[in-house]
Amino acid sequence: IDQTNTNPEVPTTQTPKIIMKSIAVFAAVCSSAAAFSPAQGPAASSTSSSALLAASPFADEIGAQVPLGYWDPLGICADGDRENFDRLRYVEIKHGRVAMLAVVGYLTTAAGVRFPGAEDIPSGFDAWSALPLQVWVQMFFTWSAMEMINRDASEVHGYKPEFPGDFR
């Protein structure tokens with residue numbers, strides 16, 4: 001690469017830095033585009049690709065993939081109990097949704113958005129000590145109502161969900 005500087009506005013010491021930044025940006029763009037390209041080669045079946053995967057009682061479930069297979073390091077579902085597995089999958093989905101809402105709330109307050117009357121409450125974890133008792137009571141009743149409303153009511157309404165976490 002010819003690194004002679006023909007532009008008098010750019011110092012000679014900056015030219016290699018500009019080239020390196022350009023290469024880094026190009027590499028980042030290429031790697032992000034590769035994430036959306038179609039998979040090459042035939043798809044391997046989930047039962048024949050790994051002995052560990054084939055030995056798992058839930059090898060065909062969503063999330064079981066090579067090289068770990070169905071990853072259950074504590075052996076909670078080693079007995080193959082389908083009811084326990086479905087309950088754990090339901091709880092995992094539910095807690096994941098709550099965590100996503102918590103992150104949105106954290107980012108919203110970090111951006112400075114506040115409810116009227118709560119402008120003096122700090123953002124982040126400092127807010128826990130600054131919350132008045134009325135807010136704690138309101139949060140408790142809100143969480144309790146959410147637990148009661150969002151429970152699995154398929155037996156009550158005669159609806160069979162297609163997958164754990166299906167609240168249609």
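A salt bridge here is a side-chain nitrogen of Lys or Arg within 4 Å of a carboxyl oxygen of Asp or Glu. With that in hand, here are the views, all taken from a predicted model.

**Figure 1. The whole chain is built from helices.** Let's start with the overview. The secondary structure of the protein chain comes to six helices and zero strands, giving the pattern α-α-α-α-α-α along the sequence. Of its 168 residues, 13% count as buried. The accessible surface of the protein chain comes to about 13500 Å², and carbon and sulfur atoms hold 65% of that area. Among contacts in the chain with a separation of 6 or more, 21% join residues 24 or more positions apart. The structure also holds four salt bridges, and some of them appear in the views below.

**Figure 2. Glu61 and Arg82 meet in a salt bridge.** Their side chains come to 2.7 Å, N to O, which counts as a salt bridge because the cut-off is 4 Å. The pair links distant parts of the chain: Glu61 sits in the loop between α2 (51-55) and α3, while Arg82 belongs to helix α3, 21 residues apart. Are these two partners buried or exposed? Glu61 counts as partly exposed, at 21% relative accessibility, and Arg82 is likewise partly exposed, at 38%. Glu61 therefore misses the buried class, since buried means under 20% relative accessible area.

**Figure 3. Arg82 also pairs with Asp86 in helix α3.** Helix α3 covers residues 82-110, and Arg82 lies in it. The side chains of Arg82 and Asp86 form a salt bridge of 3.4 Å, N to O. Why are Arg82 and Asp86 separated by about one helical turn? Because they are four residues apart in helix α3. Asp86 is partly exposed, with a relative accessible area of 29%. Put the views together and you have a network of salt bridges linking Glu61, Arg82 and Asp86.

**Figure 4. Arg82 has a further neighbour in Phe58.** Leaving aside residues up to four places away in sequence, Arg82 touches Phe58 and Glu61. The C-alpha atoms of Arg82 and Phe58 are separated by 8.7 Å, although the two residues are 24 positions apart along the chain.

**Figure 5. Arg89 is a buried arginine in helix α3.** Moving along to Arg89, we are still in helix α3. Which class does Arg89 fall into, buried or exposed? Its relative accessible area is 16%, so Arg89 counts as buried. A polar atom of the Arg89 side chain lies 3.2 Å from the backbone oxygen of Ile62. Not counting residues up to four places away in sequence, Arg89 touches Glu61, Ile62 and Pro164. Glu61, the salt-bridge partner of Arg82, is thus also among the contacts of Arg89.

**Figure 6. Arg89 and Glu92 form a salt bridge within helix α3.** The closest N and O atoms of Glu92 and Arg89 are 3.8 Å apart. Both residues lie in helix α3, three residues apart, about one turn of the helix. Glu92 is exposed, with a relative accessible area of 53%, whereas Arg89 is buried at 16%.

**Figure 7. Five residues make up the largest nonpolar core.** To finish, which residues form this core? They are Ala118, Ile121, Ala127, Leu131 and Met139. For a closer look at one member, Ile121 touches Arg114, Ala127, Ala130, Leu131 and Pro132, with residues up to four places away in sequence left out.

Notes: Residues numbered from 1 in each chain as written. Predicted model: local features only at pLDDT ≥ 70, side-chain atom pairs only at ≥ 80, totals over all residues. Heavy atoms only, no water. Helix = DSSP H or I, 4+ residues; strand = E, 2+ residues; numbered from the N terminus. Contact = heavy atoms within 4.5 Å. Core = buried A, V, L, I, M, F, W, Y, C linked by side-chain atoms within 4.5 Å. Buried < 20%, exposed > 50% of the residue type's maximum accessible area, 1.4 Å probe, protein only. Polar contact = N/O pair within 3.5 Å; in protein donor to acceptor, adjacent residues only side chain to side chain. Areas by Shrake-Rupley, 256 points an atom, 1.4 Å probe, with all protein chains shown as cover.
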